Amino acid sequence: MKTLMFELRLVLQSRLALGALVLLLALSALAAWSGLQAVAAQREALARVEASHRVEIQAMGRQYADGADPGSVAYYTPHLTVNPPAPLAFAAIGQRDLQPAALRVRLLGLHSQLYESETINPELAMAGRFDFSFLLVYLAPLFVIALMHDLVTGEREAGRLRLLSSLPGRTIGLWRRRIGLRYLLVWLALILPFAAGTAAAGAGVLAFAQVALVASLYLMFWFGLAAWVGGRALTSSSSAAVLLACLVGLTMVLPTAIDAAITRSLPVSKGVELSLAQRQAVHGAWDLPRADTLEKFFRTHPEWKDTPPVTGRFHWKWYYAMHQVGDEAVAGQVAQYRASMLAREDWTARAGLLLAPVSVQVLLHRLADTDLRAQLAYQERISSFHSALRRFFYPYFFNEQKFGKEDFARMPAYVPSATARQLSTASLAALALLAIAALMLGLRQLDRLR
């Protein structure tokens with residue numbers, strides 16, 4: 001214990017080390033606060049949207065008296081769907097800054113509504129959010145470098161390395177104590193504010209433990225890499241330069257190159273193209289015989305085939321059947337779009353098996369429920385809700401029933417549901433192997449010092 005306290009005093013007496021730890025503590029607190037503020041702003045926006053939507057629906061309910069036209073009710077009534085942030089979303093904002101968290105849908109073609117809102121704020125996409133994920137992946141290694149770049153070279157430059165190497169017994173115990181102490185100080189400065197943020201967000205102990213595990217392994221990777229570089233470098237400046245080059249390469253250059261390769265090998269059409277294709281299919285049906293459109297509709301909905309035929313120039317059953325046929329016309333393109341997006345996500349996760357920073361981002365965004373899979377799951381829930389609306393309204397169209405206030409009150413309502421957040425065992429195992437391998441290599445290099 002006395003030796004450990006002596007090592008602690010040595011660290012804290014260094015202005016660089018003490019300043020780095022204080023700055024990291026402040027940045028971690030700022031990242032937690034920034035993430036909590038971003039999530040709070042999203043929740044407030046959703047609350048305003050829900051309140052406004054509720055007032056509009058109440059007004060429409062008073063407008064439609066008994067015997068209303070069900071086609072008009074279905075056409076003019078919007079149905080709000082929301083995707084509220086998970087408690088842990090403050091740690092890794094992810095896709096929530098880029099994709100809509102609320103969408104109002106009507107009983108028209110789903111895909112023209114689902115993908116026309118797929119817009120991205122270029123300013124947010126470029127800068128990103130300053131959250132715990134950003135701090136851990138990109139900035140925390142800088143503080144590791146600040147504390148570790150002169151661990152060995154500082155002793156060599158001061159002329160003490162040969163003296164330490166000549167002491168009785170192996171000197172690896174000394175290096176382990178120094179690395180372990182610095183690791184603990186960085187871990188505490190990084191995790192303590194995050195723990196407070198987790199408590200404020202109500203994310204729970206399990207969520208905190210999972211993120212802390214990911215952060216611990218990532219810091220272990222960088223401490224091991226810094227120990228290996230420090231054991232081989234001759235000067236502190238060269239050690240810092242090599243470590244900074246590793247940071248740039250592992251967090252920026254290689255991930256960017258891999259992302260470009262994935263994007264090039266797995267081209268994905270834009271969502272607005274799917275929306276346009278669906279609209280063209282619907283608009284083209286206006287020039288086709290109504291019987292042709294209904295025949296296509298009855299192929300997938302045979303239960304309505306024996307209902308009264310369409311008479312006159314316009315009928316709601318034909319109109320909504322036309323929109324459904326338009327959705328079915330682009331169903332293959334939509335399935336390919338989703339499959340390509342998931343394939344990109346899978347290949348990104350595979351890249352994380354070799355790159356610790358990518359693996360950490362995959363794990364944190366999955367835990368926070370802010371990755372691409374979470375957004376696609378939200379779209380899937382909207383699709384299921386839209387199907388429930390069609391099942392509710394179709395009997396009124398095809399059986400030509402009247403629509404009253406009681407029917408208006410019975411319309412399906414969207415119920416938000418969170419997707420199951422689970423750690424990717426493959427990504428976690430790969431991160432653990434990279435961390436252990438880096439640490440073992442670093443300690444072995446230090447053990448060889450003479």
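A salt bridge is a side-chain nitrogen of Lys or Arg within 4 Å of a carboxyl oxygen of Asp or Glu. The structure is a predicted model, in which local features need pLDDT of at least 70 and side-chain atom pairs count only at pLDDT 80 or more, while totals for chains, interfaces and linings use all residues. Residues are numbered from 1 along each chain as its sequence is written, and side-chain values use heavy atoms, with hydrogens and water left out.

Q: Which residues are linked with Arg366 in a network of salt bridges?
A: Arginine 366 meets aspartate 369 in a salt bridge at 3.2 Å, N to O. Arginine 366 also forms a salt bridge with aspartate 371, where the closest N and O atoms are 2.7 Å apart. The residues linked with Arg366 in the network are therefore Asp369 and Asp371.

Q: Is aspartate 371 buried or exposed?
A: Buried means under 20% relative accessible area, exposed over 50%, and partly exposed in between (1.4 Å probe, protein chains only). Its partner arginine 366 has 15% relative accessibility, and aspartate 369 has a relative accessible area of 12%. Aspartate 371 is at 7% relative accessibility, so it counts as buried.

Q: Which parts of the chain does the pair of arginine 104 and glutamate 56 tie together?
A: Helices (H or I, at least four residues) and strands (E, at least two) are DSSP runs, numbered from the N terminus. The closest N and O atoms of the salt bridge between arginine 104 and glutamate 56 are 2.7 Å apart. Arginine 104 lies in one part and glutamate 56 in another, 48 residues apart in sequence, so the pair ties together strand 2 (residues 102-105) and helix 2 (residues 15-63).

Q: How many salt bridges does the count come to?
A: The pair of arginine 104 and glutamate 56 is one of them, and the pair of arginine 366 and aspartate 369 is another. By the rule stated at the start, the count comes to eight.

Q: Which helix gives the most to the nonpolar patch?
A: Patches are made of residues with over 30% relative accessible area and no salt bridge; like charges are joined within 9 Å, nonpolar side chains (Val, Leu, Ile, Met, Phe, Trp, Tyr) within 5 Å. Leu25, Leu184, Leu188 and Leu192 form the patch, with about 330 Å² of accessible area together (Shrake-Rupley method, 1.4 Å probe; for residues, only the protein chains shown count as cover). Leucine 25 lies in helix 2. The most, three residues, comes from helix 9 (residues 172-201).

Q: Why are the buried residues of helix 15 on the same side?
A: The buried residues are Val334, Tyr337, Arg338, Ser340, Met341, Ala351 and Gly352. They lie on the same side of helix 15 because the arc that they cover around the axis (taken from the directions from the helix axis to the C-beta atoms) is only 155 degrees.

Q: Which residues are exposed on the other side of helix 15?
A: An α-helix has 3.6 residues a turn, so residues three or four places apart point the same way. On the side of helix 15 opposite the buried residues, the exposed residues are Gly332 and Gln336.

Q: With which residues is alanine 91 in contact, leaving aside its neighbours within four places in sequence?
A: Alanine 91 lies in the loop between strand 1 (79-82) and strand 2, and at 5% relative accessibility it counts as buried. Contact means heavy atoms within 4.5 Å. With those neighbours left aside, alanine 91 is in contact with Asp131, Phe132, Ser133 and Phe194.
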